[in-house]
Every structure is written in structure tokens, then in C-alpha cells.
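Subject: Structure for you to look at

Hello,

Here is the structure I said I would pass on. Please open it first, and then read the notes below alongside it.

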Amino acid sequence: ANGCEVFLVDDANCGACGNVCPDGQACRLDENMVPRCMCPPDKTYCESWCMNGVCSGRCVDLTSDNYNCGACGVACYVPARNAISVCNYGTCVMDCNDGRADCNNSQSDGCEVNTDSDPRNCGGCGIVCDAVAGQACVAGRCVVEPCDQDAGSGEVAR
């Protein structure tokens, strides 16, 4: 009889009359424009878009979200060869692909070392294979080529 007197994007009436949001959460429009109690204490509400003063968004973890790293709207992009960009504790960093490493600590050349085959950085930066002992770096491990089965058996054919 009195019309639509209750705004349903309200912490006391979230999506329905009397639907109260729990402590630490707020009524917000999700990305589908549905009012929901959102964002537990370890998450932050980041707006995805706004139109005519009405905004929608989602809850994110600012310490690990690649599109909201450290703050809403900060997307990680670290241009580096043989690596991807990741959000690590709210900071965009370079994460080397498997079998690669940044041994000179310079993002300008990316993850320049192949730790699967580099005998000076075998399996990780600074792990050196013993060339004198005949070691090679194979699949990230210093190994010696196996001897032939017949070699060195000490038996003499009669």
C-alpha cells in the first residue's frame, strides 16, 4: 500500500527485507547486479564497473589477486621472458617458468638461465656441476654418464 519503502542494498535489508549482513560484511551488488552480503574480513570489495552511481564488484584478496594486487584495479604485468607475473603479498613480481631462473637478479632479461641444462646453475642458481669428474647437468641434476656394462668388469675372455 505504501509502495517500495525499503532500499534492498542495505546492510539491514540485503536483497530482502530483514536480511541483515553479518558483522564485518556489507551489502553490495555482485558482478551480476544481485545484492549480497559480501567480503569477509580477509577480502576487499573492488568495484568492477559503475553506471549512474550504481556500482557492482567482487571480493578479492589484495595480497594474491593478479588483477587487484595491493589495491583495487592494480593489475600485474611484469614483461619478462620465460616468466609470468604474479601478485605476491600485494606486490607484482616475476615468477620464472619451471626449469628457468633469474640468476643475475635483473628483470630486464627475464629468467635467463635454463636450470635443467646449465652446468653452472644446475637445478638452481649457483649450483655448479663438477666438470673434472665428468658431470653434466641433466634435468636439473648433476650426473655422470653411466659406464658401459662390459667396461671395467675385470674379466678376461678365455
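In which strand of the protein is confidence lowest, and in which is it highest? The model is a predicted one, and its mean confidence is lowest in strand E1 (residues 9-10), at 82, and highest in strand E10 (residues 113-114), at 97. Averaged over the protein, the pLDDT is 87, and 88% of the residues score at least 70.

Overall make-up

The protein has 12 strands and zero helices. Read from the N terminus, the elements are therefore β-β-β-β-β-β-β-β-β-β-β-β. Of the 158 residues, 25% are buried. The accessible surface is about 10,700 Å², and carbon and sulfur atoms account for 50% of that surface. Among contacts with a separation of 6 or more, 13% are between residues 24 or more positions apart.

The hairpin of E11 and E12

Strand E11 (residues 135-138) and strand E12 (residues 141-144) run antiparallel and are joined by four bridges. One of the residues to look at here is Val138, whose bridge partner in E12 is Arg141. Two residues lie between the strands of this hairpin, and Ala139 has a positive phi there, near 55°.

Disulfides

How many disulfides does a search of the whole structure find? The search finds 10. I have notes on three, including the link of Cys46 and Cys72.

In the disulfide of Cys46 and Cys72, the S to S distance is 2.0 Å. The link is left-handed, with -80° about the S-S bond. Cys46 sits in strand E5 (residues 44-51), while Cys72 is in the loop between strand E6 (54-60) and strand E7 (83-88), so this disulfide ties together parts that are 26 residues apart in sequence. Cys46 is buried, at a relative accessible area of 3%, whereas Cys72 is partly exposed, at 40%.

Cys76 and Cys92 are also joined by a disulfide, with an S to S distance of 2.2 Å. The torsion about their S-S bond is about -85°, so this disulfide is left-handed. The pair links distant parts of the chain, 16 residues apart: Cys76 is in the loop between E6 and E7, and Cys92 is in strand E8 (residues 91-96). Is Cys76 buried or exposed? Cys76 counts as buried because its relative accessibility is 14%, and the cut-off for buried is under 20%. Cys92 is partly exposed, with a relative accessible area of 26%.

Cys103 and Cys125 form a disulfide in which the sulfur atoms are 2.1 Å apart. The torsion about the S-S bond of Cys103 and Cys125 is about -90°, so this link is left-handed. Cys103 is in the loop between strand E9 (100-101) and E10, and Cys125 is in the loop between E10 and E11, so the pair ties together parts 22 residues apart in sequence. Cys103 counts as partly exposed, at 25% relative accessibility. Cys125 also counts as partly exposed, at 40%.

Other residues

Cys27 is in strand E3 (residues 26-29). At 4% relative accessibility, Cys27 is buried. Cys27 and Asp10 are 17 residues apart in sequence, and their C-alpha atoms are 5.5 Å apart in space. Which residues is Cys27 in contact with, leaving aside its neighbours within four places in sequence? They are Leu8, Val9, Asp10, Asp11, Cys14, Gly15, Cys21, Pro35, Arg36 and Cys37.

Cys17, by contrast, is exposed, with a relative accessible area of 59%.

Asn68 lies in the loop between E6 and E7. Asn68 counts as buried, at 8% relative accessibility. Beyond its neighbours within four places in sequence, Asn68 is in contact with Cys46, Arg58, Val60, Asp61, Leu62, Gly73 and Val74. One of these contacts, Cys46, is the residue joined to Cys72 in the disulfide described above.

Regards

Methods
Residues are numbered from 1 along each chain as its sequence is written. This is a predicted model: local features need pLDDT of at least 70, side-chain atom pairs count only at pLDDT 80 or more; totals for chains, interfaces and linings use all residues. Side-chain values use heavy atoms; hydrogens and water are left out. Two strands pair if DSSP finds at least two bridges between them. Buried means under 20% relative accessible area, exposed over 50%, partly exposed in between (1.4 Å probe, protein chains only). Contact means heavy atoms within 4.5 Å. Accessible areas come from the Shrake-Rupley method with a 1.4 Å probe; for residues, only the protein chains shown count as cover. pLDDT is the predictor's confidence in each residue, from 0 to 100. A disulfide is a pair of cysteine sulfur atoms within 2.5 Å.
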